[in-house]
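Visitor: Could you take me through one part of this model up close? I'd like to look at the backbone of one chain, and I'm new to this, so please keep it relaxed.

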Amino acid sequence: MEARDTIGAFGARGADRPLPSLEAPSPRYGEKLIKALLGAAAFLSVITTTAIVVSLLIPTFDFFTKDDIGLGEFLFGTNWAPTFEPSSFGVLPILVGTLSTSLWGMLFAVPIGLASAIWLSEYASPRQRKLVKPVLEVLAGIPTVAIGIFGLVFLSPVIAEVLPFMVNVPPFSAGVAGLAIGLMIVPIIASISDDAMRSVPSGLREAAYGLGATKMKVATRVIFPAAISGIIASLVLAGSRAVGETMVVLLVAGASPNLTFDPGSSVLTMTAFIGQTATGDISTGSITYDTIFAVGSLLFIITLALNLFAIRMVRKYREVYE
Amino acid sequence: MVGDTGLSNDPTEQLGLAGQPNEDGQLHTEGPKEDKGLTRQIAVTRETESGGDIWAKDKVFEVKDVTVSYGNKAAVKDVTMDIFQNEVTALIGPSGCGKSTLIRCLNRMNDLVSSASVDGEILYHGQDLYGPKVDPVQVRKMIGMVFQKPNPFPKSIFDNIAFGPRVLGMDDIDDRVEKALRGAALWDEVKDRLDDNAYGMSGGQQQRLCIARTMAVEPEVILMDEPCSALDPISTGKIEDLMAELKEEFSIVIVTHNMQQAARVSDKTAFLIVELDATEDNRWGQLVEYDETGKIFTNPRDQRTEDYVTGKVG
Amino acid sequence: MAAATGGGPGTERTRLASSGARAVTLRQLSTQPRADVWKGNIFLAVVLLAVTLALAGLAAIILQAAIEGAPAFSTKLFTNGPSTINPEDAGFRPALIGTLYLILGVIFLVVPLGVAAAVYLEEYADGERWWNRTVELNVQNLAGVPSIIYGILGLAFIVRGPLDLGFILAAGSLTLALLVLPTVILASREAIRAVPPSIREGSLALGATQWQTIRRQVLPAAIPGVVTGVILAISRAIGETAPLLLVGAATFVTFNPTFTGDNGYSALPVLIFNYASRPQEEFRVLAAAGVIVMLIALLAMNSFAIWLRNRYEQQW
């Protein structure tokens with residue numbers, strides 16, 4: 001072919017140019033250094049976790065050995081009075097306090113959150129969605145101290161007026177604290193469940209509509225079961241958030257370590273105990289200091305279990321549909 | 001020979017050129033306007049009959065017993081073929097036959113898939129492409145690639161072309177951009193809007209921009225993975241015309257599912273099929289026949305090739 | 001799609017979904033349409049009620065703070081320091097400046113670290129390797145660790161313990177940074193993942209190195225998403241109170257804080273909390289006014305983030 005001998009627009013690279021090397025012209029140390037630095041930044045998360053565990057464990061270990069509190073006494077004791085004389089370190093009252101406020105919160109937030117998710121994913125027009133979802137995100141971003149204040153100065157008096165059994169010792173009440181927590185976790189449930197429901201392949205939805213199913217049935221019997229692992233994940237994450245919430249319970253739940261699920265009662269939660277006790281300048285190594293970490297360890301273990309479970313569920317639905 | 005600067009915009013003329021292997025120029029006058037593919041096939045066959053040794057050219061790639069697997073599943077097995085300089089080599093076959101997998105091995109794009117592994121040997125000008133000291137980045141500098149869907153960067157037209165030369169530390173960026181755009185027959189269409197975002201171009205223009213982008217780094221080989229499958233016939237025609245010119249400067253390997261396209265643009269064609277094992281649980285691609293394009297389309301050796309090119313299967 | 005081909009974890013889901021679809025069909029053929037219409041309408045009404053309640057909750061929080069705090073809303077909030085006895089003249093100045101410094105510190109720490117970790121996890125990490133899976137699991141879990149636990153970490157590790165910074169503003173900043181870092185990483189990963197692989201392929205096929213591809217193609221394309229995520233994460237840090245209680249954000253600091261000054265610092269949400277937990281009505285009003293200041297800042301940041309996201313959403 002004569003054409004090959006001619007020099008075209010890119011003639012500089014003709015057929016008989018010297019054979020270039022396939023080896024790297026330089027060792028590219030810069031590239032490797034950058035990868036190492038980026039990897040180190042990612043590894044910081046492992047360091048953080050380790051640091052959390054270590055900072056919790058050492059004083060907790062002291063709590064059980066140096067301060068000589070029995071594990072059985074701690075886990076199953078029904079009297080929480082760490083700063084009184086005689087002191088008592090039964091964690092059950094504040095554990096139940098935590099469970100109580102979380103439970104009341106979930107009771108309020110689960111139906112509302114799930115219904116909102118169903119509306120967002122199955123009923124809302126794209127325009128409505130685009131409006132409502134960010135508003136819910138704003139709600140998720142409201143500082144919990146603001147929600148706590150709202151609970152204390154608005155919800156609590158109003159509820160005491162309407163449902164007196166909900167507030168035994170105004171203005172403090174586990175049920176009202178739960179309600180405020182519920183307000184805080186609704187967006188978590190709504191947002192993650194909505195994502196899970198929307199990631200159900202539209203083929204499934206169309207098939208069901210094609211068979212003549214109503215919107216409600218498609219939503220509750222096709223989409224909901226198909227998205228169940230994502231929905232469960234949203235509930236568990238919300239639960240974890242409720243258990244770990246501090247400011248709302250500090251403001252609204254009161255400070256009495258009552259071993260009860262009564263929504264009208266004032267309770268002390270694990271987080272409230274930590275927040276309330278650790279504010280003062282307590283000295284390192286004192287029994288009060290160690291108690292904070294022992295309670296912190298228990299709280300960390302509970303939320304860790306919930307988080308790991310939720311992460312598993314999220315992975316499950318991602319594996320299926322993505 | 002006509003059009004050696006390759007900037008004509010008359011498609012028929014260029015197609016004539018693409019199928020222009022003869023010495024007497026006779027076929028050129030027979031009218032490439034009627035059936036370009038057919039004209040071309042006859043031309044190639046005649047050349048072979050007249051004794052031109054078409055297998056004695058410089059080899060770019062020597063693919064030897066190559067098997068590519070994802071995890072432990074082979075996607076394509078035991079391919080052996082040579083790819084020649086300044087030719088257009090087409091890989092055709094039904095979907096799932098591994099032709100895209102194969103072409104992605106030629107510039108080590110398969111490295112990006114962590115589960116992919118290549119057995120066998122691929123020599124590039126005699127050097128092992130998968131040798132221990134070989135740097136994939138260096139490989140891709142010399143062996144460029146154009147993808148199935150146009151994938152311009154979300155930047156201006158100018159920056160799309162300039163990106164490659166800039167990261168490779170080349171100079172005279174402005175000149176290179178103009179040259180590449182002219183080479184891809186795109187200059188006249190975009191010279192007044194070089195600062196516009198490339199996403200505003202039509203699909204065909206975007207794909208030619210991607211070709212220009214590849215040319216701007218002056219590779220030796222351009223791999224094209226179904227470059228026209230997302231384009232309309234007119235854009236396809238323009239890109240086919242372009243290929244005919246490009247092979248003067250570059251060696252081109254093209255994957256296509258469009259047999260007419262392979263017949264129109266390529267010098268040699270490899271036909272791959274999907275092979276199933278007895279239980280039909282595993283499927284992989286296999287090379288059936290590799291020959292001059294004319295021969296593949298008019299007088300294939302293998303019955304399966306004939307069934308495919310005549311449209312009996314596939 | 002895994003669900004369609006069956007096998008593995010998809011089977012269960014597919015079974016559930018298809019049995020759901022079958023149940024719908026069977027029921028559809030046997031019940032009366034009129035009843036279905038009614039049920040559907042009631043269901044929609046319930047769902048709408050729920051959405052309304054959620055939105056009303058948000059509106060109520062904002063309105064309540066606005067109404068309650070309005071009387072105290074004046075420039076004094078920004079110019080005066082706190083007071084234990086004189087609510088009329090009390091303000092938030094040192095706390096506002098404290099929060100500003102805290103957040104500046106958080107941004108300074110979290111943006112480079114978060115983006116770097118996200119780039120590593122999305123672009124470099126081989127997800128099959130156990131160490132990368134460990135990192136990934138850690139990030140996901142840390143995002144869900146209660147903020148008070150970060151307070152404990154800050155107290156035991158940063159204020160005292162190995163770092164031993166003391167109760168200084170920088171310690172608070174560092175604690176908050178660790179708290180929002182996982183969120184920033186997760187958000188940045190989403191943004192980076194949204195850049196189509198074809199962009200990376202196009203760049204690599206030109207002979208660009210991996211880092212050149214990331215720096216010049218992937219990151220510029222991901223910036224709007226990253227910025228959105230960072231703003232949302234930072235706005236979360238502004239309102240965080242619990243961990244600051246543990247790392248020394250004292251309430252009655254009357255002077256402007258510095259990063260390393262060891263005579264205390266204050267933060268807006270901590271002071272709000274303190275005012276709110278006092279019995280006197282005047283302090284509650286002051287707290288509500290502080291909430292308004294905080295909410296205005298947050299709403300502005302959130303709106304900007306959402307605007308940014310919508311502006312760049314349909315890029316590909």
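Guide: Here is a walk along chain A, with one short stop in chain B at the end. Keep in mind that this is a predicted model, so let's begin with how confident the predictor is. Chain A averages a pLDDT of 88, and 93% of its residues score at least 70. Among the elements of this chain, helix α3 (residues 92-123) has the highest mean pLDDT, at 96, while helix α7 (residues 202-210) has the lowest, at 86. Then look at residues 1-15 of chain A, where the pLDDT is below 50. Beyond near neighbours in sequence, that stretch has 25 contacts in the model.

Next, the overall layout. Chain A holds 12 helices and two strands. If you read from the N terminus, you meet two helices, then the two strands, and after that helices for the rest of the order: α-α-β-β-α-α-α-α-α-α-α-α-α-α. Of the 322 residues in chain A, 56% are buried. Take the contacts in this chain between residues at least 6 apart in sequence: 70% of them join residues at least 24 apart. As for the outside, the accessible surface of chain A comes to about 13000 Å², and 67% of that belongs to carbon and sulfur atoms.

Now zoom in on the backbone. Your first stop is Arg28(A), in the segment before α1 (29-64) of chain A. The phi angle of Arg28(A) is near 55 degrees, which is a positive value in a residue other than glycine. Is Arg28(A) buried or exposed? Its relative accessible area is 17%, and buried means under 20%, so Arg28(A) counts as buried.

Follow the chain further along and stop in the loop between α5 (144-162) and α6 (174-198) of chain A, where you'll find Pro171(A). What kind of peptide bond joins Pro170(A) and Pro171(A)? That bond is cis, with omega at about 0 degrees.

Finally, hop over to chain B for another positive phi. Asp78(B) sits in strand β2 (residues 73-84) of chain B. Phi of Asp78(B) is near 50 degrees, again a positive value in a residue other than glycine. With 44% relative accessibility, Asp78(B) is partly exposed, whereas Arg28(A) is buried.

So that's your tour of the backbone: the positive phi of Arg28(A), the cis bond between Pro170(A) and Pro171(A), and the positive phi of Asp78(B) over in chain B.

How values were computed
Residues numbered from 1 in each chain as written. Chains lettered and ligands numbered in written order. Predicted model: local features only at pLDDT ≥ 70, side-chain atom pairs only at ≥ 80, totals over all residues. Heavy atoms only, no water. Helix = DSSP H or I, 4+ residues; strand = E, 2+ residues; numbered from the N terminus. Buried < 20%, exposed > 50% of the residue type's maximum accessible area, 1.4 Å probe, protein only. pLDDT = per-residue confidence, 0-100. Contact = heavy atoms within 4.5 Å. Areas by Shrake-Rupley, 256 points an atom, 1.4 Å probe, with all protein chains shown as cover.
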